[in-house]
Amino acid sequence: MATKIQEDRQLEALRSKLQPPRMYKVMLLNDDYTPMEFVITVLQRFFSLDTEQATRIMLKVHNEGRGVCGIFPRDIAATKVEQVGAYALQHQHPLACIMEEN
C-alpha cells in the first residue's frame with residue numbers, strides 16, 4: 001500500500017507529464033546588411049515555408065524589425081536558432097535569429 005506522500009508524488013509526476021511542452025517563438029531580426037533574398041532562402045530552408053509565406057515574413061522583418069518564423073518546443077527552437085546563425089555566419093551575413101517563450 002502506497003503512502004500518502006508516494007501517492008502525492010505519483011500524482012504530481014502524472015500532472016507534469018500531461019502538460020504540453022512550453023512553446024517558443026523563433027524570430028528573425030532586421031539588420032541593414034542581410035539581403036532580402038537571403039532571408040527568404042533561410043525561411044524556406046530552415047522553416048519549410050513556401051515562397052509566398054517566406055516573402056510575407058521577410059517583409060515583416062524588414063518593416064517591423066522582427067518576424068516570427070514559427071513556434072516550437074524549446075529544443076527544436078534552440079536548434080533552429082543555432083542552424084540559422086551558423087548558416088548566416090557561413091554566408092557572412094549578420095542575420096540574427098532568436099527565440100522567446102510564447
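In what order do the elements of the protein chain run from the N terminus on? The order is α-β-α-α-β-α-β. That makes four helices and three strands. Helices (H or I, at least four residues) and strands (E, at least two) are DSSP runs, numbered from the N terminus.

This is a predicted model, in which local features need pLDDT of at least 70, side-chain atom pairs count only at pLDDT 80 or more, and totals for chains, interfaces and linings use all residues. Residues are numbered from 1 along each chain as its sequence is written, and side-chain values use heavy atoms, with hydrogens and water left out.

**Overall form**

The C-alpha atoms of the protein chain fill a box of roughly 65 × 25 × 20 Å along the principal axes. The radius of gyration is 19 Å, whereas a compact globule of 102 residues would have one near 13 Å. This radius is taken over C-alpha atoms, and the globule rule is 2.2 Å times the number of residues to the power 0.38.

Of the 102 residues, 29% count as buried. Buried means under 20% relative accessible area, exposed over 50%, and partly exposed in between (1.4 Å probe, protein chains only). The protein chain exposes about 7200 Å², and carbon and sulfur atoms supply 52% of that area. Accessible areas come from the Shrake-Rupley method with a 1.4 Å probe; for residues, only the protein chains shown count as cover.

Contact means heavy atoms within 4.5 Å. Among contacts in the protein chain with a separation of 6 or more, 74% come from residues 24 or more positions apart.

**The sheet**

The three strands form an open sheet in the order β2-β1-β3, with antiparallel pairing. β2 (66-73) and β3 (96-101) stand at the edges with a single partner strand each, so one side of each has no neighbour in the sheet. On average, neighbouring strands are turned by 25° against each other, direction ignored. Axes are lines fitted to C-alpha atoms, for helices over the stretch in contact, and angles run from 0 to 180 degrees between N-to-C directions.

Helix α3 (residues 51-64) packs on this sheet and touches β1 and β2. The direction of α3 makes about 125° with that of β2.

Strand β1 (residues 23-29) pairs with β3 over six bridges. Seven bridges join β1 to β2. Two strands pair if DSSP finds at least two bridges between them. Toward β3, Leu28 stands opposite Cys97, and Lys25 stands opposite Glu100. Toward β2, Leu29 stands opposite Arg66. In a regular strand the side chains alternate between the two faces of the sheet.

**Loop residues**

Three loop residues are set side by side here.

| Residue | Loop | Relative accessible area |
|---|---|---|
| Thr34 | between β1 and α2 (36-47) | 12%, buried |
| Ser48 | between α2 and α3 | 65%, exposed |
| Gln92 | between α4 (74-90) and β3 | 72%, exposed |

What does Thr34 touch, not counting residues up to four places away in sequence? Thr34 touches Val39, His93, Pro94 and Leu95. A polar atom of the Thr34 side chain lies 3.4 Å from the backbone nitrogen of Leu95. A polar contact is a pair of N or O atoms within 3.5 Å; within protein, one must be able to donate a hydrogen and the other to accept it, and residues adjacent in sequence count only if both atoms are side-chain atoms.

Ser48 is not a glycine, although its phi is positive, about 55°. Gln92 has a positive phi near 60°, and Gln92 is a residue other than glycine.
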